[in-house]
Amino acid sequence: MADVAHSDVRINPSILAADFVNMQAELARIASADFVHVDVMDNHFVPNLTFGPQMVERIQATSPVPLDVHLMISDADRWAPGYAEIGAASVTFHLEAAAEPVALARRLRDIGARAGVAVKPATPVEQLFDVLDEFDQILVMTVEPGFGGQSFMADQMPKLHRLADEARRRGSQVWLQVDGGIGESTIAQAAEAGADTFVAGSAVFGAEDPGAAIRALRSAAASAHRH
């Protein structure tokens, strides 16, 4: 299993909000993050196109923090293992895009990555209850996948709450991640609903001091966990 950060709150800035032309410098600005969130889109599963394996491999080679790869692509069973082979610490595929999600998660773990599964806003999380321990991370999308800069969907919080309650009931160690519209004004809602791993884009890369933004987000989430 890849080395990963261990804390009660994880902040994973999304490079969708970074300056792609100066990627190495942008990565250096988030050295205090737990992971860097890398959105891979294929213009098929979602109507947008971003990075492929070669770009992700270059990010892997230059990033000061481990990679949290989020695959918004079709035919995840075929393509996801390649990202684990590149060396990504965590690879998340969409439940809606996998024919055999449990088998795929096991393969990712065998290669050495953490195995994550993501669900779109309309997908019920109850489908995952009986297989929670097959995954290291479950990503509840708080926007429709495909584009950065969207508004946080607060109506996803009851779904996240149900998932967190079930994970607790089963004694599961699965990480619960949220992605979409996360900033200082919304991170507490997600933390209160049970999330412990947070993807933030413009809230970090759009800040004058990304390190300070990461600290503020971490503090806001940790405070919500305590209350």
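Salt bridges are a good way into this predicted model, and the count comes to 10 of them. Three pairs are laid out below, followed by a small network and then the nonpolar core.

| Acidic residue | Basic residue | N to O distance |
|---|---|---|
| Glutamate 26 | Arginine 29 | 2.7 Å |
| Glutamate 134 | Arginine 106 | 2.6 Å |
| Aspartate 136 | Arginine 109 | 3.1 Å, closest N and O atoms |

**A pair within one helix**

Let's start with glutamate 26 and arginine 29, whose side chains meet in a salt bridge. Both sit in helix H1, which covers residues 23–29. They are three residues apart, or about one turn of the helix. Is glutamate 26 buried or exposed? Its relative accessibility is 9%, so glutamate 26 counts as buried. Its partner, arginine 29, has a relative accessible area of 29%, which makes it partly exposed.

**Two pairs that reach across the chain**

Next up is the salt bridge between glutamate 134 and arginine 106. This pair links distant parts of the chain, 28 residues apart. Glutamate 134 is in the loop between strand S5 (114–119) and strand S6 (137–141), while arginine 106 belongs to helix H4, residues 101–111. Glutamate 134 comes in at 18% relative accessibility, and because buried means under 20%, glutamate 134 counts as buried. Arginine 106, at 46%, counts as partly exposed.

Aspartate 136 and arginine 109 form a salt bridge too. Aspartate 136 lies in the loop between S5 and S6 and arginine 109 in helix H4, so this pair ties together parts that are 27 residues apart in sequence. With a relative accessibility of 11%, aspartate 136 counts as buried. Arginine 109 is partly exposed, and its relative accessible area is 25%.

**A network of four**

Salt bridges don't have to come as separate pairs. Which residues are linked in a network of salt bridges? Here they are Asp130, Glu166, Arg169 and Arg170.

**The nonpolar core**

Now for the nonpolar side of things. In soluble globular proteins, nonpolar side chains tend to be buried together. In this model, the largest nonpolar core has 71 residues. Which of them touch the most other members? That group is Ile15, Val38, Val69, Val91 and Phe198.

Take phenylalanine 198 as an example. Neighbours within four places in sequence are left aside here, and its contacts then include Val9, Arg10, Ile11 and Asn12. Phenylalanine 198 is also in contact with Val178, Ile182, Ile187, Ala190, Ala191 and Ala221.

Key: Residues are numbered from 1 along each chain as its sequence is written. This is a predicted model: local features need pLDDT of at least 70, side-chain atom pairs count only at pLDDT 80 or more; totals for chains, interfaces and linings use all residues. Side-chain values use heavy atoms; hydrogens and water are left out. Helices (H or I, at least four residues) and strands (E, at least two) are DSSP runs, numbered from the N terminus. Buried means under 20% relative accessible area, exposed over 50%, partly exposed in between (1.4 Å probe, protein chains only). A nonpolar core is a set of buried Ala, Val, Leu, Ile, Met, Phe, Trp, Tyr and Cys residues joined through side-chain atoms within 4.5 Å. Contact means heavy atoms within 4.5 Å.
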